[in-house]
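Got your viewer open and a selection box ready? Let's take a walk through this one, stop by stop.

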Amino acid sequence: MDSPDGGTHGHILAMVVRVCAVTAITYYSAKWMLGALDPNSKMRKKAKQVAEQQLRKLNSSAAQKFRTRDFNEHEVVIASHLVTPEDIDVSWADIAGLDGVIQELRETVVLPVRHRELFRRSQLWRAPKGVLLHGPPGCGKTLIAKAIAKDAGMRFINLDVAVLTDKWYGESQKLATAVFTLAQKIQPCIIFIDEIESFLRMRGSGDHEATAMMKTQFMLQWDGLMSSANVCVLVLGATNRPQDLDKAILRRMPAQFHIGVPHDSQRQAILRLILQSEQLNPSVNLKELARLTPGFSGSDLRELCRHASMYRMRLFMRENLNMGEGASEGEFQWDFASKDQSLQDSQQLEIHMDDLLKSLTVMKVSKFQAHNAFVEKDLELD
Ligand SMILES: Nc1ncnc2c1ncn2[C@@H]1O[C@H](COP(=O)(O)OP(=O)(O)OP(=O)(O)O)[C@@H](O)[C@H]1O
């Protein structure tokens, strides 16, 4: 028979177990619900994974080893936008026609970073903490930003402004701070802000209160950077609309470079670079093509060559694979093994001057139509 004492103890024990179980279930349910309700939790998880991957890459090449726990949760979100110099796929050799600007940028920014010890001897020699690249779209600003980071061996934070405008009040300010604290931890580092005018345009009454506070925080952090002599962090901005930038921002970017629409000989150099590994027919005259393309950006020239090359490829397919009307894909497979010829060697794939001229006509028409649509839209708005 059980003693009355034994029964009471049993009851108490069962009660304690029940209370513990209910507490544990409540705790984990609440945690799960909070996680499910927080729209940022998934983003943070993903950011953490990417950041860990990036830090591993950083560790494989750097003497200093970084661990995820060295960074707070906001720095981890920013670290997911980190690019190591080894991963940057652009070097100066990929940029044509901009030798003068490149020379100046190398002397102003790259050398003081690469030879920090030497350049520390004078305050006046140090690399600027803010550099602005301005000019029309498609003329090489992003290419230049990446090539600077690669040449100077700097880590590159490609700042996605959308990440900073987090809708949870207060987070934006913490993320703005994290951009700078992370950059300092992993220096030498470039904070690259493309279309900087859309982020830091004239601060005005139109700004939401949280956005205005985030911008103020960003500026405060930037000021802190300017006053720390031994910190090797550079804010590099790119814009098509420098006139929209606040004067206070322009002051923080003392080094400014205009990357304009390429002129005749620059276009020729860009065309040569784009077509350097393509098969060209002797009819191709790059000087003439450059003469015929005033107002074209580097990006337009690339598109022009792509169209011409695709046109040639389609012609080749039609002639060799007999892909006529009603042909099904399977019937006309190109059998490399049975042909004594490879695609690479085929003269039929050579780009002709005619292909480039045809492509030019098509592009001029579509540019003209786009311009007209733009003007019509403007008139409608008036
Ligand atoms: N000087 C150049 N030399 C070689 N390629 C160029 C040059 N300028 C532009 N390009 C080509 O145009 C593409 C777009 O250039 P990029 O993104 O650097 O322009 P951007 O000035 O940053 O434009 P956006 O203001 O629209 O961001 C490049 O990927 C490259 O293919």
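Before the first stop, a word on strands: two of them pair if DSSP finds at least two bridges between them. Helices (H or I, at least four residues) and strands (E, at least two) are DSSP runs, numbered from the N terminus. What you're looking at is a predicted model, where local features need pLDDT of at least 70, side-chain atom pairs count only at pLDDT 80 or more, and totals for chains, interfaces and linings use all residues. Residues are numbered from 1 along each chain as its sequence is written.

**Stop 1: the sheet**

Start with Phe156 and look across to β4, where its bridge partner is Ile190. The strand β3 (residues 155–158) runs parallel to β4, and four bridges join them. Now select β4 itself, residues 189–193, and look towards β5: that pair is parallel too, with five bridges. Phe192 is the residue to pick here, as it stands opposite Leu236 in β5. As a reminder, strands of a sheet pair through backbone hydrogen bonds, either parallel or antiparallel.

Zoom out to take in the whole sheet. It is open, has six strands in the order β1-β3-β4-β5-β2-β6, and its pairing is mixed. Colour β1 (82–83) and β6 (255–258) to mark the edges, since each of them pairs on one side only.

**Stop 2: the side chains of β4**

Show side chains on β4. Is this strand covered or exposed? Mostly covered: five of its five residues are buried. (Buried takes 20 or more other C-beta atoms within 10 Å of a residue's own, exposed takes 12 or fewer, and partly exposed is in between; C-beta atoms are placed from the backbone.) Cys189, Ile191 and Ile193 point one way, while Ile190 and Phe192 point the other. In a regular strand the side chains alternate between the two faces of the sheet.

**Stop 3: two backbone oddities**

Most residues other than glycine have a negative phi, and most peptide bonds are trans. Select Gln187 and Pro188 for an exception: the peptide bond between them is cis, with omega near 5 degrees. Pro188 sits in the loop between α8 and β4.

Next, go to Glu195, in the loop between β4 and α9. Its phi is near 50 degrees, a positive value in a residue other than glycine. Glu195 counts as partly exposed, with 15 other C-beta atoms within 10 Å.

**Stop 4: helix α10**

Select residues 209–227. This is α10, 19 residues reaching 27 Å from first C-alpha to last, close to the 27 Å expected at 1.5 Å a residue (the expected span is 1.5 Å times one less than the number of residues). Which residues of α10 are buried? Met214, Lys215, Phe218, Gln221 and Trp222. They cover an arc of only 125 degrees around the axis, which puts them on the same side of α10; the arc is that of the directions from the helix axis to the C-beta atoms.

Follow that buried side outwards and you'll find its packing partners: α7 (161–164), α8 (171–185), α9 (196–200), β5 (233–239) and α11 (247–252). Contact here takes C-beta atoms, placed from the backbone, within 7 Å. Then flip to the face turned away, which carries the exposed residues Glu209 and Ser227.

One more pick in α10 is Asp223, partly exposed with 13 C-beta neighbours inside 10 Å. Draw a C-alpha to C-alpha distance from Asp223 to Arg252: they are 29 residues apart in sequence and 8.1 Å apart in space.

Key: Contact = placed C-beta atoms within 7 Å.
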